[in-house]
Amino acid sequence: MPGPRYQVAGVSGLDFQAKLAEADIHIPIIFMTGHGDIPMSVRAMKAGAVDFLTKPFRDQDILDAVVKAIERDKNRRDGEKGVSELRVLLDSLTSREREVMEHVVAGLMNKQIAAKLGITEITVKVHRGHMMRKMKARSVIDLVAMADQLGIRRPKP
């Protein structure tokens with residue numbers, strides 16, 4: 001049985017999709033083939049393809065796939081923009097404010113944070129207030145969500 005017939009510069013579509021991912025290039029991909037099979041479509045979809053169309057397909061199928069691809073890409077870019085904006089806020093924190101933030105998102109109380117950092121509870125409250133303001137967090141729940149988006153690991157309490 002012959003391999004896939006679609007090629008880009010001597011590379012199969014699935015290999016090309018993998019190379020794009022390795023290069024951290026995130027573009028929506030729609031596979032169109034006359035020689036696809038179920039394992040191939042599963043691999044493509046698991047790797048992030050928007051759709052996998054086998055010929056013959058209706059014009060509406062490709063239009064629907066393109067609309068879905070554009071929407072998915074917009075959502076991805078919006079998410080990246082949000083994380084980028086959070087990184088700017090995080091970079092505005094002092095090292096002590098970052099330490100306090102890590103302990104706050106881990107669920108520690110001011111008194112516990114003070115003991116861990118060897119500072120007074122009042123000082124923790126001041127750093128915590130500055131950190132919350134700089135991060136534009138309205139609550140600890142907001143702050144925890146921001147930390148998750150930023151990939152900040154929460155230390156064990």
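This passage describes helix 4, its buried residues and two residues in the predicted model.

The structure is a predicted model, in which local features need pLDDT of at least 70 and side-chain atom pairs count only at pLDDT 80 or more, while totals for chains, interfaces and linings use all residues. Residues are numbered from 1 along each chain as its sequence is written, and side-chain values use heavy atoms, with hydrogens and water left out.

Helix 4 spans residues 95-105 (helices, H or I, at least four residues, and strands, E, at least two, are DSSP runs numbered from the N terminus). Its buried residues are Glu97, Val100, Met101, His103, Val104 and Val105, where buried means under 20% relative accessible area, exposed over 50%, and partly exposed in between (1.4 Å probe, protein chains only). These residues pack against helix 3 (59-91), helix 5 (110-117), helix 6 (121-135) and helix 7 (140-150). Just after helix 4, Gly107 adopts a positive phi of about 95 degrees.

Within helix 4 lies Glu97, with a relative accessible area of 3%. Its side chain reaches the backbone nitrogen of Thr94 at 2.9 Å, a polar contact (a pair of N or O atoms within 3.5 Å; within protein, one must be able to donate a hydrogen and the other to accept it, and residues adjacent in sequence count only if both atoms are side-chain atoms). Not counting residues up to four places away in sequence, Glu97 touches Ser92, His127, His130, Met131 and Lys134, contact meaning heavy atoms within 4.5 Å.

Turning to helix 5, Asn110 is located there and counts as buried at 14% relative accessibility. With neighbours within four places in sequence left aside, Asn110 is in contact with Glu121, Val124, Lys125 and Arg128.
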